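Reader: I am new to this. Please show me the model, and then let me ask how its labels are earned.

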Amino acid sequence: MPATPAWPPKSLPRLFVPVALGKGASVALDAGQANYLGNVMRLGPGEHVLVFNGTSGEWIARIAEAGRKRMTLAVEDRTREQEKVPDCWLAFAPVKRAQTDWLVEKATELGIARLLPVVTQRTIVQRVKLERLRSIAIEAAEQCNRTSVPAIDEPVPLESLLKNLSGRTLCFADEAGGEPVAKAFTPGPATILTGPEGGFTDAERVAIRAAPGAVGISLGPRILRAETAALAAISLWMAVAGDWARAPVR
Ligand code: SAM
């Protein structure tokens, strides 16, 4: 007897839609999404896609209407509950555009909950294009099966970050050395802090270490590029916190 096909199929396109989702809801896609489904994926009325809005889990939806530049979906059933995101934030000194884009994409895949660009004394890039970074995070969330999208904040000066730690452990990636991560990463809300290409100044390192809940961590004997350091620290935090003990969501 042939096996019953899995429903929904694993290969359905997944889209982030910034609207309320529920059984029977109608969702008008933007022109880019309509073009992607209609012209790139060649899907039409009656076919199915998966949608999520960052807060209400994942839903299967049927293409109800399709035009040249527009498409409407009819939401049918919830396929997944909203995930519980590990409470790990990354505060990072922005680096060059391509590297920052890569950092945002990979940090999203690794499960980061929030990204906070931080301006330090040696930060060369003072401005970041938040809308661009947000769309990179959305695309990464669509691709890696997240039901959430990380928040991305406006850049703040390092002093502001240190004054507003909100009781979270500050895991400071200190290129001058620190605790081994297996010892330093404790359960509970954490903010990882990584520096710019030129590193932190000595005065910044002193101020960071004096902040409440700060712990300096070492990422090994080699000096990592800023974006490598950030992704290594997130990976280690997720592994120690137990996130990597969970099976991939399919
Ligand atoms: N110019 C600095 C130097 O030569 O010491 C290196 C800065 S590194 C490219 C950028 C950031 O990555 C650092 O500020 C730090 O946050 C982090 N980082 C790089 N390697 C690290 C390591 N082995 N341990 C801890 N943090 C590291």
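Reader: What is the distance from a nitrogen atom of the ligand to a polar backbone atom of Gly220?

Author: That distance is 2.9 Å. A polar contact is a pair of N or O atoms within 3.5 Å. The value at Gly220 is 2.9 Å, so the pair counts as a polar contact. Taken alone, the ligand exposes 580 Å², and the protein buries 83% of that. Such areas come from the Shrake-Rupley method with a 1.4 Å probe.

Reader: What do I need to know about the source?

Author: The model is predicted: local features need pLDDT of at least 70, side-chain atom pairs count only at pLDDT 80 or more, and totals for chains, interfaces and linings use all residues. Residues are numbered from 1 along each chain as its sequence is written, and side-chain values use heavy atoms, with hydrogens and water left out.

Reader: What makes the ligand's link to the side chain of Glu175 a polar contact?

Author: An N or O atom in that side chain is 2.9 Å from an oxygen atom of the ligand. The cut-off is met, so the pair counts. Gly195 offers a backbone N or O atom, 3.0 Å from a ligand oxygen atom.

Reader: Why are β3 and β4 called paired strands?

Author: Strands are DSSP runs (E, at least two residues), numbered from the N terminus. Two strands pair if DSSP finds at least two bridges between them. β3 (residues 48-52) and β4 (residues 58-66) have five bridges, in the antiparallel sense, so they pair. His48 stands opposite Arg62 in β4.

Reader: How do you know that β4 and β5 pair?

Author: β4 and β5 (residues 71-80) share eight antiparallel bridges, so the rule is met again. Arg62 stands opposite Ala74 in β5. These two strands form a hairpin with four residues between them.

Note on methods
Polar contact = N/O pair within 3.5 Å; in protein donor to acceptor, adjacent residues only side chain to side chain.
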